[in-house]
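Work through the exercises below with the sequence and the coordinates at hand. Each task is followed by a solution in steps.

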Amino acid sequence: QVQLVESGGGLVQPGGSLRLSCAASGSIFSIPTMGWYRQAPGKPRDLVATMTTSGRTNYADSVKGRFTISRDNLKRTVTLQMTSLRPEDTADYYCNADVENLRFVLRNYWGQGTQVTVSS
């Protein structure tokens, strides 16, 4: 069993910053990709940013230059540093990971989500 546990999030004013963290635990051999998605009310869940073990990143166009993803492969954590936040960044943010377990089976996992609200 694999768990993704998120922390961070909350209420911030426009132009402010927030930091989200996610830690993976369980029967893990490797985590090829970790990242973040978000879902605003009434909208589909969309990619925010992902990062591979080798450090290759993928960002949504809407967050490029404002958000930075990083990960610690040894600690099995991924962090999303969000700056210059806008009201349209308001959403539930979900940690996501492709995890290879101890039997070398690859599965995709989601965290429980953490809310980010950008409002004055």
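**Exercise 1. Classify Arg-38 as buried, partly exposed or exposed, and find its salt-bridge partner.**

Solution. The model is a predicted one.
Step 1: the relative accessible area of Arg-38 is 14%. Buried means under 20%, so Arg-38 is buried.
Step 2: a salt bridge requires a side-chain nitrogen of Lys or Arg within 4 Å of a carboxyl oxygen of Asp or Glu. The side chains of Arg-38 and Asp-89 satisfy this with an N to O distance of 2.9 Å.
Step 3: the two residues belong to distant parts of the chain, 51 residues apart, with Arg-38 in strand S4 and Asp-89 in the loop between S8 and S9.
Step 4: Asp-89 has a relative accessibility of 1%, so this residue counts as buried too.

**Exercise 2. Which residues are linked with Asp-89 in a network of salt bridges?**

Solution.
Step 1: besides the contact with Arg-38, the side chain of Asp-89 meets that of Arg-66 in a salt bridge of 2.8 Å, N to O.
Step 2: this pair also joins distant parts of the chain, since Arg-66 sits in the loop between strand S6 (57-59) and S7, 23 residues apart from Asp-89 in the loop between S8 and S9.
Step 3: Arg-66 and Asp-89 are both buried.
Step 4: Arg-38, Arg-66 and Asp-89 thus make up a network of salt bridges.

**Exercise 3. How many salt bridges does the whole structure contain, and are Lys-64 and Asp-61 buried or exposed?**

Solution.
Step 1: the search of the whole structure returns three salt bridges.
Step 2: one of them is between the side chains of Lys-64 and Asp-61, at 3.0 Å from N to O.
Step 3: Lys-64 has 48% relative accessibility and therefore counts as partly exposed. Asp-61, at 64%, counts as exposed.

**Exercise 4. Find the disulfide and determine its handedness.**

Solution.
Step 1: the cut-off is a pair of cysteine sulfur atoms within 2.5 Å. The count by this rule is one disulfide.
Step 2: the pair is Cys-22 and Cys-95, with their sulfur atoms 2.1 Å apart.
Step 3: the torsion about the S-S bond is about -80 degrees, so the disulfide is left-handed.
Step 4: this pair links distant parts of the chain, with Cys-22 in strand S3 and Cys-95 in strand S9 (residues 91-100), 73 residues apart.
Step 5: the relative accessible area of Cys-22 is 1%, so Cys-22 is buried. For Cys-95 the value is 0%, and Cys-95 is buried as well.

**Exercise 5. What is the strand order of the four-stranded open sheet, and which strands stand at the edges?**

Solution.
Step 1: the order is S1-S3-S8-S7, with antiparallel pairing.
Step 2: strand S1 (2-8) and strand S7 (67-72) each have a single partner strand and stand at the edges, so one side of each lacks a neighbour in the sheet.
Step 3: from one strand to the next, the twist averages 15 degrees.
Step 4: S3 and strand S8 (residues 77-82) run antiparallel and are joined by six bridges. One bridge partner to check is Met-82 in S8, which faces Leu-18.

**Exercise 6. Which residues make the nonpolar surface patch of about 350 Å²?**

Solution.
Step 1: the patch consists of Phe-29, Leu-102 and Phe-104.
Step 2: Phe-29 is located in the loop between strand S3 (18-26) and strand S4 (30-39).

Terms used
Residues are numbered from 1 along each chain as its sequence is written. This is a predicted model: local features need pLDDT of at least 70, side-chain atom pairs count only at pLDDT 80 or more; totals for chains, interfaces and linings use all residues. Side-chain values use heavy atoms; hydrogens and water are left out. Patches are made of residues with over 30% relative accessible area and no salt bridge: like charges are joined within 9 Å, nonpolar side chains (Val, Leu, Ile, Met, Phe, Trp, Tyr) within 5 Å. Accessible areas come from the Shrake-Rupley method with a 1.4 Å probe; for residues, only the protein chains shown count as cover. Buried means under 20% relative accessible area, exposed over 50%, partly exposed in between (1.4 Å probe, protein chains only). Two strands pair if DSSP finds at least two bridges between them. Axes are lines fitted to C-alpha atoms, for helices over the stretch in contact, and angles run from 0 to 180 degrees between N-to-C directions.
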